[in-house]
Amino acid sequence: MSVTAIPATGGAYRAAFEAAARAQRGPGWLGTARRAAFERFLELGFPTPKHEEWRHTNVAVIARGEFTPAPPPDAAAEAAAEKFLAGSPFAALGGARLVFLDGRYAARFSTPGALGAGVRAGSLGAALAAGDAIGEALTREAPWSELAFVALNTALFDDGAVIEIGRGQVLPEPVHVLYLATAAAAQYLQPRTLILAGRDSQASVIEAYASLGEQGVFTNAVTEIVAEENAALEHARLQQENLASYHVSATFARAGRTARVALHALTFGGALTRNDVTAVLDGEGAEVLLNGLYIAGGRQHIDNHTVLDHAQPLGTSREFYKGILDGQASTAFRGRIVVRPDAQHTDAIQSDKNLLLSADAVASSDPQLEIRADDVRCTHGATFGQIDAEALFYLQSRGIGAEAARRLLTFAFASDVLARLRCAPLRRALERELFHRWTGLEGDGEA
Amino acid sequence: MLEIHDLHARIAKQADGREILRGIDLRVKAGEVHAIMGPNGSGKSTLAGVLAGRDSYEVTRGTVRYQGLGGELDLLELSPEERAREGVFLAFQYPVEIPGVSNLYFLRAALNAIRKHRGLEELDAADFLRHTRGKMKMLGVDDDLTKRSVNEGFSGGEKKRNEIFQMAVLEPRLAILDETDSGLDIDALKTVAQGVNAMRSPERATIVVTHYQRLLNYIVPDFVHVLYNGRIVRSGGKQLALELEEKGYGWLEEAVSAGV
Ligand SMILES: Nc1ncnc2c1ncn2[C@@H]1O[C@H](COP(=O)(O)OP(=O)(O)O)[C@@H](O)[C@H]1O
Ligand SMILES: [Mg+2]
């Protein structure tokens with residue numbers, strides 16, 4: 001421990017861990033890993049802004065809080081879930097739907113549906129309890145030895161989604177995983193998601209987070225994704241929690257030979273959000289798209305860290321992040337691109353563009369290139385700007401009011417990020433939501 | 001309809017900057033077409049921009065009276081959108097690309113803002129399509145173009161055509177066309193002229209800013225003015241355009257400095 005860490009208040013977490021360890025079932029190796037991860041978490045402590053990777057995000061509110069596990073949902077929580085699922089445009093975006101209420105699989109609200117042989121989508125906790133084979137990808141893809149939050153999740157998670165798409169399986173509709181939180185402040189959720197896309201398979205998975213109440217929960221999520229040879233996998237992470245929530249997430253994806261993996265990070269909610277995305281291009285000719293949109297107002301803080309690890313030749317990565325900041329919001333983006341010596345003919349493009357709607361909002365952007373192969377194309381760029389004056393005048397000169405024009409241009413700024421979502425129901429829901437948010441009108445700005 | 005008196009303007013934020021418009025006087029009546037010609041840099045776009053309310057210019061002297069829907073207005077007091085709602089339209093010399101805003105949505109929002117100002121009912125998507133269909137056809141604007149983002153990836157000709165299409169849909173009372181003919185081949189030029197001529201009416205006025213006489217073969221003006229170094233140095237009938245074409249802009253310098 002050093003100045004770069006705040007000691008984890010061991011007491012509450014220790015008690016929770018020991019209780020969980022007694023209750024949790026699963027393979028022996030997992031129990032061993034959990035205990036090791038927990039001890040490591042206590043050693044690491046929570047990072048402070050002196051820690052290089054946490055320069056822009058101060059998690060003292062999380063480190064100093066005495067968080068306890070969220071209790072099982074009560075009748076009020078169930079009623080809130082029912083209401084959300086009946087009314088929200090984000091309630092049903094796919095075929096199969098897995099709902100987790102305060103961290104626990106809610107069979108009552110879930111419709112895993114008929115996914116067919118060779119596809120599994122369900123509760124990870126239930127699969128572990130039943131002794132189902134999960135495979136070693138769980139905990140292998142998310143290295144916890146240097147990452148305090150990943151270690152904490154590894155030690156404490158007890159449920160989440162497991163989605164396994166068998167070899168050659170093509171899912172016509174997305175699998176929609178919904179993590180709904182009703183828990184109280186000072187309670188935590190540690191959801192764990194595991195997505196395994198077999199060779200030649202094709203699927204979209206939406207992993208969405210929403211709050212049903214006013215209270216702010218601390219969510220610490222870990223997602224592990226493996227796309228085997230020639231698989232096409234789209235994963236959209238949607239964070240729409242309330243403005244009292246703290247949300248830390250880490251997503252790890254591995255793309256095999258000629259696999260195509262798209263990871264969308266759509267962050268709109270939360271008082272404080274930190275997303276880490278790590279994608280390894282681990283087979284020749286793999287393609288990875290990191291597509292992000294972060295929208296922050298008020299005093300929201302959103303920090304996106306991404307790592308694109310080109311480990312094999314002929315990989316292509318495209319990274320397009322965009323931020324829209326208002327009020328006194330602050331955001332940070334760090335995009336690291338690593339090109340390993342073997343990864344010749346890598347083609348990597350990264351950009352982070354920020355639209356600042358207020359003079360008090362602060363965005364920072366920090367590309368980091370670590371290139372150890374010589375025959376590569378690697379470009380990056382960051383921009384920070386206001387609404388384009390010429391475009392604004394053009395709209396006004398046609399009769400559109402200045403404020404309406406500004407809002408329309410704000411929507412337009414986000415539109416190319418949304419257009420990259422192949423998953424049409426999610427794309428349409430987001431277009432309508434954001435169009436309404438900025439213009440106050442119904443529709444999607446199309447006609 | 002429009003009365004410009006002793007108009008002076010300079011670039012805003014350049015407090016000590018020189019004046020670009022140095023005393024413009026111009027009267028345009030309803031039903032008339034005025035052509036403003038002049039060499040590059042003479043101030044044509046500045047004049048057009050000042051009339052439309054572009055805030056990168058600062059008016060340092062002079063007045064602009066405009067006959068609005070409900071009576072005479074001090075045009076310079078109005079925001080750009082208020083001017084548009086009162087019937088002023090500027091076809092941009094360099095139309096702006098706006099990625100992410102659909103052309104059709106943009107135009108409907110504009111039309112509805114104008115209609116609302118005039119106490120008319122707003123049009124829904126279906127009504128709007130009915131309203132525009134004929135105009136698209138007349139101007140050779142195809143469906144595909146209207147669905148794309150505003151001007152994004154349009155060719156030069158497509159952009160200019162889109163300006164005239166917008167004018168046809170918004171039906172302004174005072175249209176100012178800033179070099180809409182530049183960069184157009186002859187067929188596109190004829191289409192644009194046809195669009196402008198179709199709008200000519202006793203209630204409307206048009207100011208055609210152009211560098212070349214060619215356009216005026218198709219849009220025949222009632223008056224031609226020559227803008228030079230921020231001032232109108234000659235005004236006359238349509239034959240003035242022919243004279244300019246013949247002699248070029250070179251003779252202006254001599255004529256002006258000789259005080260003719
Ligand atoms: N935004 C600007 N900043 C600096 N100079 C400008 C700007 N706009 C116009 N000018 C200058 O003002 C003069 C007139 O320009 P403009 O009105 O565009 O002329 P025209 O349209 O007749 O070619 C030119 O000398 C031009 O360089
Ligand atoms: Mg010009």
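Visitor: In which helix of chain B is the place of Tyr105(B)?
Guide: In this predicted model, Tyr105(B) is a buried residue, with a relative accessible area of 9%. Its C-alpha atom is 9.3 Å from that of Val150(B), although the two residues are 45 apart in sequence. The element that holds Tyr105(B) spans residues 103-117 of chain B and is helix H3.

Visitor: How many Å separate the C-alpha atoms of Asp142(B) and Gln194(B)?
Guide: Asp142(B) belongs to the loop between helix H4 (125-138) and helix H5 (143-147) of chain B, and with a relative accessible area of 42% the residue is partly exposed. Gln194(B) stands 52 residues from Asp142(B) along the chain, and the separation of their C-alpha atoms is 17 Å.

Visitor: Is His225(B) buried or exposed?
Guide: His225(B) lies in strand S11 of chain B, which runs over residues 223-228, and its side chain makes a polar contact of 2.7 Å with the side chain of Ser235(B). Because buried means under 20% relative accessible area, the value of 7% for His225(B) places this residue among the buried.

Visitor: Which residues of chain B surround ligand 1?
Guide: By class, the shell consists of four nonpolar, six polar and two charged residues. Helix H1 (residues 44-52) of chain B gives the largest share of that shell, three residues. The residues around the ligand are Ile11(B), Arg18(B), Ile20(B), Pro39(B), Asn40(B), Gly41(B), Ser42(B), Gly43(B), Lys44(B), Ser45(B), Thr46(B) and Tyr57(B).

Visitor: What percentage of the accessible area that ligand 1 has on its own does the protein cover?
Guide: The side chain of Arg18(B) places an N or O atom 3.1 Å from an oxygen atom of ligand 1, while backbone N or O atoms lie 3.2 Å from a ligand oxygen at Ser42(B) and 2.8 Å from a ligand oxygen at Ser45(B). Of the 560 Å² of accessible area that ligand 1 has on its own, the share covered by the protein is 63%.

Visitor: Which helix gives the most residues to the largest nonpolar core?
Guide: The largest nonpolar core has 129 residues, and those that touch the most other members are Leu426(A), Leu2(B) and Ile207(B). The contribution of nine residues that exceeds those of other helices comes from residues 402-419 of chain A, that is, from helix H9. Domain 1 (3-283) and domain 2 (388-447) of chain A each supply at least three residues to this core, and the helix that gives the most is H9 of chain A.

Visitor: How many Å lie between the backbone oxygen of Ala412(A) and a polar atom of the side chain of Ser415(A)?
Guide: Ser415(A) is found in helix H9 of chain A, where the residue is buried, with a relative accessible area of 17%. In an α-helix there are 3.6 residues a turn, so residues three or four places apart point the same way. From the backbone oxygen of Ala412(A) to a polar atom of the side chain of Ser415(A), the distance is 2.8 Å.

Visitor: How many residues of helix H8 of chain A are buried?
Guide: Helix H8 spans residues 389-396 of chain A and is mostly covered. Its buried residues are Ala391(A), Leu392(A), Phe393(A), Tyr394(A), Leu395(A) and Gln396(A), and out of the eight residues in the helix the number buried is six.

Visitor: What is the phi of Thr258(A) near?
Guide: Most residues other than glycine have a negative phi. Thr258(A) is placed in the loop between strand S14 (246-255) and strand S15 (260-267) of chain A, and counts as partly exposed at 26% relative accessibility. The phi of Thr258(A) is positive in a residue other than glycine, with a value near 50°.

Visitor: Where in chain B does Glu171(B) lie?
Guide: Glu171(B) has a positive phi, near 50°, in a residue other than glycine, and at 35% relative accessibility Glu171(B) counts as partly exposed. The elements on either side are helix H6 (156-170) and strand S9 (174-178), and Glu171(B) lies in the loop between H6 and S9 of chain B.

Methods. Residues are numbered from 1 along each chain as its sequence is written. Chains are lettered from A and ligands numbered from 1 in the order in which they are written. This is a predicted model: local features need pLDDT of at least 70, side-chain atom pairs count only at pLDDT 80 or more; totals for chains, interfaces and linings use all residues. Side-chain values use heavy atoms; hydrogens and water are left out. A residue is near a molecule or strand if one of its heavy atoms lies within 4 Å of it. A polar contact is a pair of N or O atoms within 3.5 Å; within protein, one must be able to donate a hydrogen and the other to accept it, and residues adjacent in sequence count only if both atoms are side-chain atoms. Accessible areas come from the Shrake-Rupley method with a 1.4 Å probe; for residues, only the protein chains shown count as cover. Helices (H or I, at least four residues) and strands (E, at least two) are DSSP runs, numbered from the N terminus. Ala, Val, Leu, Ile, Met, Phe, Trp, Tyr, Cys and Pro count as nonpolar, Asp, Glu, Lys and Arg as charged, and the others, Gly among them, as polar. A nonpolar core is a set of buried Ala, Val, Leu, Ile, Met, Phe, Trp, Tyr and Cys residues joined through side-chain atoms within 4.5 Å. Buried means under 20% relative accessible area, exposed over 50%, partly exposed in between (1.4 Å probe, protein chains only). Domain bounds come from an automatic or database domain assignment.
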